[in-house]
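Visitor: I have a structure to go through with you. Please take me round it, one question at a time.

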Amino acid sequence: MFHFLSNKLRFWQILNRNFNKENDPQKLSQVNLSHDLKKNLKTLREILGTSDDIIIREFSFGHKGQINAALIFLEGMTDKVTINESIIKPLMYDSRFICSEETSEAINIDSIKNTMLSVGNIGIVTAIDELVDDCLSGDTILLINGSKEALDIHTKGWATRGVDEPKTEAVVRGPREAFSENLRTNTTLLRRKIKNPDLTLETMKLGKKTKTSICIAYLKGVANDKVVEEVRRRLKRIYTDAILESGYIEEFIEDAPFSIFSTVANSEKPDIVAAKLLEGRVAVLVDGTPFVLTVPMVFIEGFQSSEDYYSRAYFASLVRMLRFIAFTISTLGPAVYVALTTFHQELIPTALLFTMAANREGTPFPAILEAGMMMITFEILREAGVRLPRPVGQAISIVGALVIGESAVAAGLIGAPMVIVIAITAVSSFVVPSQTDAGVILRIILLILAGFMGGFGIAIGLLGILIHLASLRSFGTPYLSPVAPLTFRDLKDVFVRVPIWAMFTQPRAIAWHNSQRQEFRLKPKPPSKERDDR
């Protein structure tokens, strides 16, 4: 048995080592360009294939057209105006008038780059694999006969979705712009929020087949260098075929992959990501998705909203406490009801107990089964409302809940108090949308414990959840920070939100150093008496 297990482990180690060797970009053999233009084009045609959207434009330029060249680009991913007006026209038309026979012979890659092309961003490449990656990313490649170098001309210009309102983080007051699927648009939105040279953006590509562009954003001098280096390390160790959304990255870099609680936050609002960067977090932007990841993450982030900092502190604190209450109701509501009606009837007032008993009279199922069926029905309706088109989905959610609930009570299958409890639980779960996934699982676990052990089961479940939360870390930061471990000065933005002028420092658990956010004594004051006399 042990011999079999050791052979199995050895097999997986060899398989994993071979996979890393095959997919390690640093170990891939790089083939460089040759002096022969026809040979280079033949090699590129073999690699790129015969797709209709791959355009290879051969032409000649110079005083008498003695220099042979070729442009390679993808139709639909490049800006045709830039290619025609800033590349082809200067080379094929202008060069015939400004170049003589002597100067034409001296034309090379550097002279073309510096004196002939009117494009903002141009690079020089020599490796064919790098040339192919840039071409497939939307750049235009210029090859010249007799040169072992090629020009990588940035001409990206595909159709993108504009900056719209956020779909998942609606606000009453505050910015109404959201990230889009274009990586450069997203970095521009961040630059608009933080006009500081310390805002650093580092780009890399992940995915052996997709070659998805990934951008790491952080504020130098505010973010912890160890956290930034850890983010780089976890991203560089990802060897996979495809990265299609930031959710792929989240599962590869999270600290607790088997936990129901996420240790990597995400947002589609630039103001939220900018605020987290200013606190010392690191953001990961992925091309092709509007959702940006931020680390480290703490549990309290799920109960904070960007609107809390745009409203007055008293109202924001009240709304935040309501979120805590709603989350408690959404996770404990069905479990407490089942525990009270099944095991602890003496805790229910007598008049209420008689009313509940009269409504449950004749129902054929125990309370735990009633709650389970209603919860499953609610999740089905919620999923149907999300997946269907918006007008139809809203009608299905509202009409379905009313019809099914009323029909179940009228048929005597479900008691009316259970329908009320599930309805309150459902509404409360929408108050904290970032904790919806974890809340559903917690609700089911606590319901099962309450159905078998009553209040003792709920207590055991809550104790296990608390121990699990206290053991979690997100890139070295305690998940329950600043409550556990307790940091008094960071409690100003946990259960309540103190005024902005009272937030002097950055969160210690995030920035890991005493970074002063603003000056002291910024509390607004009425004008002094001497000033009034003037």
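**Surface, sheet and salt bridges**

Guide: A nonpolar patch of about 970 Å² lies on the surface, made by F315, L318, M321, L322, I325, I329, I420, I424, V483, F495 and V496. The model is a predicted one.

Visitor: Which elements give two or more residues to the nonpolar patch, and which gives the largest share?

Guide: Two or more residues each come from helix 11 (313-342) and helix 15 (416-429). The largest share is 6 residues. Its source is helix 11.

Visitor: Is F495 buried, partly exposed or exposed?

Guide: F495 sits in the loop between strand 12 (477-478) and helix 18 (508-511). Buried would need under 20% relative accessible area, and exposed over 50%. F495 has 44% relative accessibility, so its class is partly exposed.

Visitor: What percentage of the residues in the protein is buried?

Guide: The protein has 19 helices and 12 strands. It exposes about 29500 Å², with carbon and sulfur atoms supplying 60% of that area. Of its 534 residues, the buried ones make up 43%.

Visitor: Which strands stand at the edges of the open sheet?

Guide: The sheet has 5 strands, paired antiparallel in the order 6-7-9-10-8. Each edge strand has a single partner strand, so one side of it is left without a neighbour in the sheet. The edges are strand 6 (199-206) and strand 8 (265-267).

Visitor: By how many degrees are neighbouring strands of this sheet turned against each other on average?

Guide: Direction is ignored for this value. The average is 25 degrees.

Visitor: Which residue in strand 10 stands opposite A265?

Guide: Strand 8 and strand 10 (residues 292-295) run antiparallel, joined by 3 bridges. Opposite A265 in strand 10 stands T294.

Visitor: At about what angle does helix 8 run to strand 7?

Guide: Helix 8 (residues 225-236) lies across strand 6, strand 7 (212-219), strand 9 (282-286) and strand 10. To strand 7, helix 8 runs at about 170 degrees.

Visitor: How far apart in sequence are the parts tied together by D133 and K211?

Guide: The two side chains meet in a salt bridge, 3.0 Å from N to O. D133 lies in helix 6 (residues 128-136) and K211 in the loop between strand 6 and strand 7, so the pair ties together parts separated in sequence by 78 residues.

Visitor: Are D133 and K211 buried, partly exposed or exposed?

Guide: D133 has a relative accessible area of 21%. K211 has 33%. Buried needs under 20% and exposed over 50%. Therefore D133 is partly exposed, and K211 is also partly exposed.

Visitor: Are K276 and E301 buried or exposed?

Guide: Their side chains meet in a salt bridge at 2.9 Å, N to O. K276 is in helix 10 (residues 270-279) and E301 in the loop between strand 10 and helix 11, 25 residues apart. At 13% relative accessibility, K276 counts as buried. At 10%, E301 counts as buried.

Visitor: Where do D308 and R320 lie?

Guide: Both residues are buried. Their side chains meet in a salt bridge at 3.1 Å, N to O. The pair ties together parts 12 residues apart in sequence, because D308 lies in the loop between strand 10 and helix 11 and R320 in helix 11.

Visitor: Which residues do salt bridges that share partners join into one network?

Guide: The structure holds 23 salt bridges. Those that share partners make one network of E230, R233, R234 and D255.

Terms used: Residues numbered from 1 in each chain as written. Predicted model: local features only at pLDDT ≥ 70, side-chain atom pairs only at ≥ 80, totals over all residues. Heavy atoms only, no water. Patch = residues over 30% accessible without salt bridge, like charges linked within 9 Å, V, L, I, M, F, W, Y side chains within 5 Å. Areas by Shrake-Rupley, 256 points an atom, 1.4 Å probe, with all protein chains shown as cover. Salt bridge = Lys/Arg side-chain N within 4 Å of Asp/Glu carboxyl O. Helix = DSSP H or I, 4+ residues; strand = E, 2+ residues; numbered from the N terminus. Buried < 20%, exposed > 50% of the residue type's maximum accessible area, 1.4 Å probe, protein only. Pairing = 2+ DSSP bridges. Axes fitted to C-alpha atoms, helices over the stretch in contact; angles between N-to-C directions. Contact = heavy atoms within 4.5 Å.
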